[in-house]
Amino acid sequence: MRTLKVGLVIVFCLAALTPAISTRVAALTTTLAQGKASQEKSGKAKDAGQSKQTPPAPASQFVGSESCAECHGAEATHYALTAHSKTRLGNGPVDQRGCEACHGPAKGHVDFYLQIQKLNEAGKEDEATTLMNDAAKAAAAKMLSFKEMAPAEASATCLKCHEGSQGRSEERFNFRRSEHFRHGLSCNDCHSSHEPKRTEFLLKATEPNMCYQCHADQKASFAKPFHHKVPEGGMKCSDCHNQHGSFTSKSLRNSAGGDSACVKCHADKQGPFIYEHAPVKVEGCQACHTPHGSTNAKLLTRNIVKFLCLECHSNTPGIPDTDGTGVGVGTPSFHDINNPRYANCTTCHFEIHGSNKDPFFR
Ligand code: HEC
Ligand code: HEC
Ligand code: HEC
Ligand code: HEC
Ligand code: HEC
Ligand code: HEC
Ligand code: HEC
Ligand code: HEC
Ligand code: HEC
Ligand code: HEC
């Protein structure tokens with residue numbers, strides 16, 4: 001019943017929003033209200049649930065988007081301003097054009113409501129009500145509604161174009177592998193096809209605020225004194241992550257070694273160098289840096305540089321180098337670790353990411 005009520009509310013809103021067609025919709029609405037009231041009474045109303053994936057419909061069931069504006073003025077007006085209006089023209093298959101690309105074939109829907117409208121206009125309100133009461137016909141006239149679809153199904157509707165032929169489709173090839181998909185998000189959690197508060201990419205809100213709605217921990221990280229300039233708008237979460245899913249862990253943008261998300265902007269840190277510092281290559285930037293934000297300068301994982309280095313360059317005997325990479329050589333004996341001069345190792349080993357001159361990064 002909730003769906004029906006929502007539908008009614010929408011019809012009323014439409015009537016208010018589009019004065020030009022309000023008389024027609026008002027007539028329809030009255031009929032609908034009568035129809036539903038009597039359906040409710042007789043207990044016959046069933047959720048017309050079309051949430052199952054519909055099999056491919058024959059081309060004859062598609063009528064094009066011309067008629068929709070008459071009854072759905074708000075959606076049609078907004079739609080015309082979005083990138084999707086491109087699909088209205090063109091030679092794509094009928095099921096990939098205009099409104100029907102997302103809402104499915106509309107022949108039955110348009111015929112049904114036009115017929116009721118005609119009956120109303122002809123003063124045959126009883127007949128109109130009877131038609132409305134025909135639960136089977138009403139159900140058959142139902143369009144696909146995203147509000148009633150499971151997230152996976154909603155995404156599949158979008159992916160039929162956005163995983164295949166449209167634009168940068170490769171951006172979304174991994175959507176079904178992503179944590180977002182696995183946790184029940186759909187495209188419509190971040191995008192709105194009709195009512196975006198912002199038109200760029202039809203997003204519901206701007207980054208990073210949209211992401212913060214669900215990622216409060218990351219909001220806290222970026223509030224720390226040293227952070228990438230995400231809150232200031234200098235860069236976006238999506239510079240490092242592919243929110244649509246990727247091949248790497250944590251949905252990081254494409255990389256072979258796990259750090260190309262970083263070297264896109266910090267190419268000088270990647271090398272190749274004649275003398276590589278092993279962890280940069282082997283473990284990646286996260287061996288020493290926290291990516292989001294930190295209370296430590298230079299986003300280091302330790303507040304004093306010495307402690308970071310000594311994690312791997314300890315003279316303590318017996319630390320096994322199990323994987324052959326994790327632990328470096330001990331510091332030379334002339335290094336007096338307790339001497340403040342040696343607290344900041346990078347004053348001497350300043351080419352810490354690798355060097356073309358010196359094997360000890362000086
Ligand atoms: C003659 C008027 C009329 C026309 C033309 C019309 N619709 Fe509708 N449509 C309605 C009404 C009335 C409802 C509300 C039904 C309800 O609440 O049960 C509706 C509901 C919908 C819904 C919500 C799902 C549903 O079926 O309840 C979608 C989506 C929709 N229409 C899309 C379209 C599209 C796309 C077109 C054009 C191809 C179109 N409509 C043409 C009157 C119309
Ligand atoms: C890109 C896919 C897409 C296209 C194209 C599209 N819609 Fe929608 N439509 C949606 C989504 C998603 C919603 C759910 C609300 C939202 O996200 O804005 C929706 C909601 C609606 C609703 C609200 C009723 C309901 O319960 O679903 C109506 C009516 C509607 N669309 C009509 C239209 C009409 C008319 C057109 C063409 C002018 C159209 N849509 C084109 C995706 C689309
Ligand atoms: C019929 C194929 C088709 C379907 C189905 C479809 N899209 Fe699109 N989409 C397109 C095309 C074509 C563009 C325009 C690409 C361009 O401008 O290069 C586009 C653009 C977009 C954009 C970028 C908008 C912009 O302003 O640049 C977003 C976001 C988007 N679609 C989301 C969705 C979502 C969410 C759905 C499902 C509710 C969906 N699309 C369904 C074909 C489709
Ligand atoms: C977690 C939120 C989120 C989800 C879920 C999501 N998107 Fe996006 N999408 C974004 C953001 C943010 C951008 C803008 C990225 C930028 O600014 O470069 C975007 C951009 C886009 C674009 C335009 C730029 C491009 O990559 O071509 C399209 C098209 C798009 N999304 C389609 C989809 C489709 C289809 C789905 C579902 C399969 C989806 N999105 C799911 C957040 C999301
Ligand atoms: C400078 C690049 C970069 C930016 C910008 C960035 N991230 Fe990350 N993010 C990473 C890296 C790298 C990891 C993996 C950390 C690890 O594996 O230890 C990560 C991990 C995550 C995780 C997994 C949990 C965690 O904290 O390890 C989430 C969720 C996340 N990021 C969300 C976001 C959000 C939301 C934004 C924007 C507000 C954002 N990220 C901006 C690089 C970035
Ligand atoms: C509607 C809620 C929601 C929104 C909005 C959202 N996320 Fe997520 N995100 C989740 C959930 C749920 C998970 C999986 C559980 C977790 O790791 O917290 C997740 C996981 C992630 C991860 C970790 C992925 C992995 O492979 O471990 C990253 C990175 C991420 N989101 C980035 C983003 C970015 C960037 C945005 C904004 C463009 C965003 N999210 C918007 C809900 C959301
Ligand atoms: C989109 C470009 C971009 C990407 C991707 C990027 N960074 Fe940065 N990074 C910057 C910019 C710009 C600055 C300097 C301005 C600032 O403070 O934000 C910076 C600063 C830094 C700093 C020095 C911070 C300080 O306090 O001086 C470190 C360390 C750093 N990035 C590490 C990383 C790591 C690790 C990654 C990958 C997880 C990464 N960056 C990805 C743009 C980027
Ligand atoms: C072995 C530890 C280690 C690894 C791994 C590492 N860094 Fe650093 N990085 C440091 C230290 C220590 C500093 C501080 C240097 C200083 O204070 O002079 C630093 C400073 C930086 C800075 C800011 C200062 C500058 O020179 O611009 C950036 C940017 C940076 N690192 C990026 C990266 C990137 C990108 C990666 C991965 C390709 C990476 N780092 C891997 C230890 C490391
Ligand atoms: C994650 C572990 C790790 C961290 C943290 C680390 N290193 Fe290394 N470092 C290594 C490994 C592994 C090697 C290769 C040593 C080898 O050949 O056994 C290396 C090599 C070196 C070398 C060259 C030694 C040689 O004989 O070739 C110097 C100098 C060095 N590191 C200094 C530092 C300094 C200074 C820091 C702190 C800013 C630091 N390292 C942080 C693992 C680390
Ligand atoms: C005053 C300058 C200076 C400071 C500060 C310094 N080092 Fe060194 N370090 C050197 C010199 C010079 C060498 C090269 C010795 C050689 O030529 O054999 C060296 C060599 C090394 C080596 C290579 C040892 C080997 O046998 O291959 C490591 C590892 C190292 N330092 C780690 C550190 C760490 C960790 C710190 C901080 C606690 C640090 N250094 C601080 C000057 C410095």
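This report walks through a predicted model of one protein chain with bound ligands.

## Confidence and overall makeup

The model is predicted. Average pLDDT over the chain is 81, and 78% of the residues score at least 70. Residues 1-52 fall below 50. That stretch still has 65 contacts in the model beyond near neighbours in sequence. Where pLDDT is low, the predicted coordinates should not be read in detail.

The chain has 362 residues, of which 16% count as buried. Its secondary structure comprises 16 helices and four strands. Among contacts with a separation of 6 or more, 58% link residues 24 or more positions apart.

## Two nonpolar cores

The largest nonpolar core holds 14 residues. Within this core, C68, Y113, I116, A128 and M132 have the most contacts. Four elements give two or more residues each: helix 3 (68-71), helix 4 (73-79), helix 6 (107-121) and helix 7 (125-133). Helix 6 gives the largest share, three residues.

A second core is separate from this one. It has eight residues, including A261, L308, C309 and C345.

## F112 on helix 6

F112 sits in helix 6. Is F112 buried or partly exposed? F112 has 19 other C-beta atoms within 10 Å, so it is partly exposed; a buried residue needs 20 or more.

Leaving aside residues up to four places away in sequence, F112 touches K137 and A141. A141 is 29 residues from F112 along the chain. Their C-alpha atoms are separated by 6.3 Å.

## The surroundings of ligand 4

Which residues are closest to ligand 4? They are C158, H162, R168, C187 and C190, out of 22 that surround the ligand. Helix 9 (residues 151-162) supplies the largest share of this shell, four residues.

By class, the shell around ligand 4 divides into eight nonpolar, eight polar and six charged residues.

## The surroundings of ligand 8

Around ligand 8 there are 20 residues. C262, H266, K269, C285 and C288 come nearest. Helix 14 (260-263) and helix 15 (278-282) each contribute at least two residues to the shell.

The shell around ligand 8 contains eleven nonpolar, six polar and three charged residues.

## Cis peptide bonds

The bond between E207 and P208 is cis, with omega at about -5 degrees. P208 belongs to the loop between helix 10 (179-182) and helix 11 (209-212).

Another cis peptide bond runs from G271 to P272, where omega is near 5 degrees. P272 lies in the loop between helix 14 and strand 2 (275-276).

## Positive phi angles

L202 is not a glycine, yet its phi is positive, near 50 degrees. Where is L202 found? It lies in the loop between helix 10 and helix 11. L202 counts as partly exposed because it has 18 C-beta neighbours inside 10 Å.

F361 also has a positive phi in a residue other than glycine, near 60 degrees. F361 is in the segment after strand 4 (354-355). With 19 C-beta neighbours inside 10 Å, F361 counts as partly exposed.

Methods
Residues are numbered from 1 along each chain as its sequence is written. Chains are lettered from A and ligands numbered from 1 in the order in which they are written. This is a predicted model: local features need pLDDT of at least 70, side-chain atom pairs count only at pLDDT 80 or more; totals for chains, interfaces and linings use all residues. pLDDT is the predictor's confidence in each residue, from 0 to 100. Two residues are in contact if their C-beta atoms, placed from the backbone, lie within 7 Å. A residue is near a molecule or strand if its C-beta atom, placed from the backbone, lies within 6 Å of it. Ala, Val, Leu, Ile, Met, Phe, Trp, Tyr, Cys and Pro count as nonpolar, Asp, Glu, Lys and Arg as charged, and the others, Gly among them, as polar. A residue is buried if 20 or more other C-beta atoms lie within 10 Å of its own, exposed if 12 or fewer, and partly exposed in between; C-beta atoms are placed from the backbone. A nonpolar core is a set of buried Ala, Val, Leu, Ile, Met, Phe, Trp, Tyr and Cys residues joined through C-beta atoms within 7 Å.
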